[in-house]
Amino acid sequence: MSDITVNGASSAPILEIRNLQKSFGSNNVLKDISLSVEPGNVVSIIGPSGSGKSTLLRCASFLETADGGDILYNGQYAMHGGVYASKAELGGFRTRFGMVFQNFNLFPHYSVMKNITEAPLLHGHDKQEVRERAESLLVKMGLEGKEDSYPCQLSGGQQQRVAIARALALKPEILFFDEPTSALDPELTGEVLKVIRQLADDHMTMVVVTHEMPFARAVSNYVIFMDKGVIVEQGDPEEVFGAPTQERTKQFLRNYQK
């Protein structure tokens, strides 16, 4: 499978994945997946449950160990031919991305402010600068006045917005979202999608695994449809949603429209 180049190749991709493979026992979850994400673009990954979408993100963020293939950030190998870079090098790569999970994954015993500032402080960033950035992010997320609250005191939508602020606190080059609204009711889903749309308008590079089809169509530069561990179809969102060429894509989208 050839690499995907999102909206041209005039600038170096932030993320390249080549021929990625991952199995759990006899279950081949990812089969020769390749993609490339250019700076400032939003790539949405859609597909049925069990298609490998979340595993792909977890491999890209080193939460799962891939079995083969290449992972590159800014042209540098984090994994080459299934062999990972050193632990210290992987630590450097981890500062290049932020991850937002479907179930928020906030520290329940930390305040909102501590949830956001903990990682930058552990990385040795200036305390005053970290605090000021956290306060700015809280404003951006519509969470002014919540810095001393604890996750249990927040709605699900607020918790997810804190999680997005936490992911942005280290100034990552790319954000990964793994079904960021799947644990939310429709009203709270709108809150979170509005924030992601704003980040897209600010040209934040993002890879979003989502089941929100209208959102993916409206916000993405590129859409990837996965099924059974392979990329079935990919392209411009209007092409994938408006004129899919593969029967499996057509079937999936028909089911979503019912």
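Ala, Val, Leu, Ile, Met, Phe, Trp, Tyr, Cys and Pro count as nonpolar, Asp, Glu, Lys and Arg as charged, and the others, Gly among them, as polar. The exercises below use a predicted model.

**Exercise 1. The cavity**

Find which residues line the largest cavity, and sort them by class.

Solution.
- Start with the count. The structure holds one cavity of 30 Å³ or more.
- Take the volume. The largest cavity comes to about 70 Å³.
- List the lining. It consists of I116, T117, P120, H125, E129, V130, R133, A134, A169 and K171.
- Apply the classes. Five lining residues are nonpolar, two are polar and three are charged.
- Trace the lining to the helices. Helix 3 (112–122) and helix 4 (127–140) each give at least two residues. Helix 4 supplies the largest share, four residues.

**Exercise 2. Strand 10**

Decide whether strand 10 (residues 222–227) is enclosed or open, and find which strands pair with strand 10.

Solution.
- Use the cut-off: buried means under 20% relative accessible area.
- Count the buried residues. Six of the six residues of strand 10 are buried, so the strand is largely enclosed by the rest of the structure.
- Recall the rule for directions. In a regular strand the side chains alternate between the two faces of the sheet.
- Split the strand by direction. Y222, I224 and M226 point one way. V223, F225 and D227 point the other way. Both sets are buried.
- Take one partner. Strand 3 (residues 42–46) runs parallel to strand 10, and four bridges join them. V43 has Y222 as its bridge partner in strand 10.
- Take another. Strand 11 (residues 230–235) pairs with strand 10 in the antiparallel sense, over five bridges. I224 has Q234 as its bridge partner in strand 11.
- Check the turn. The hairpin of strand 10 and strand 11 has two residues between the strands. There K228 takes a positive phi near 55 degrees.

**Exercise 3. Aromatic pairs**

Classify the ring pairs F62–Y84 and F225–F252, and say where their residues lie.

Solution.
- Choose the descriptors. A pair of aromatic rings is described by the distance of the centres and the angle of the planes.
- Get the total. The count comes to eight aromatic pairs.
- Classify F62 and Y84. Their centres are 6.3 Å apart and their planes lie at 85 degrees, so the pair is edge-to-face.
- Locate the rings. F62 is in the loop between helix 1 (53–60) and strand 4 (68–73), and Y84 is in strand 6 (residues 83–84). The pair links distant parts of the chain, 22 residues apart.
- Compare accessibility. F62 is buried at 11% relative accessible area. Y84, at 23%, counts as partly exposed.
- Classify F225 and F252. The pair is tilted, with 5.0 Å centre to centre and 35 degrees between the planes.
- Locate this pair. F225 lies in strand 10 and F252 in helix 9 (residues 247–257), so the contact ties together parts 27 residues apart in sequence.
- Check burial. F225 is buried at 0% relative accessibility. F252 is buried at 5%.

**Exercise 4. Cluster and charge**

Which residues do ring pairs link into a cluster, and which residue lies over the face of Y110?

Solution.
- Follow the ring pairs. They link F62, Y73, Y84, F93, F97 and F176 into a cluster.
- Turn to Y110. K114 lies over the face of this ring, at 4.3 Å from the ring centre.

Definitions and conventions. Residues numbered from 1 in each chain as written. Predicted model: local features only at pLDDT ≥ 70, side-chain atom pairs only at ≥ 80, totals over all residues. Heavy atoms only, no water. Buried < 20%, exposed > 50% of the residue type's maximum accessible area, 1.4 Å probe, protein only. Pairing = 2+ DSSP bridges. 1 Å grid on protein atoms, 1.4 Å probe; cavity = no way out; pocket = protein on both sides within 12 Å on 5 of 7 lines; lining within 4 Å. Points joined across faces, edges and corners; volume = space filled by probe spheres on them. Phe/Tyr/Trp six-rings, centres within 6.5 Å; stacked < 30°, edge-to-face > 60°. Lys NZ or Arg CZ within 6 Å of the ring centre and 35° of its normal.
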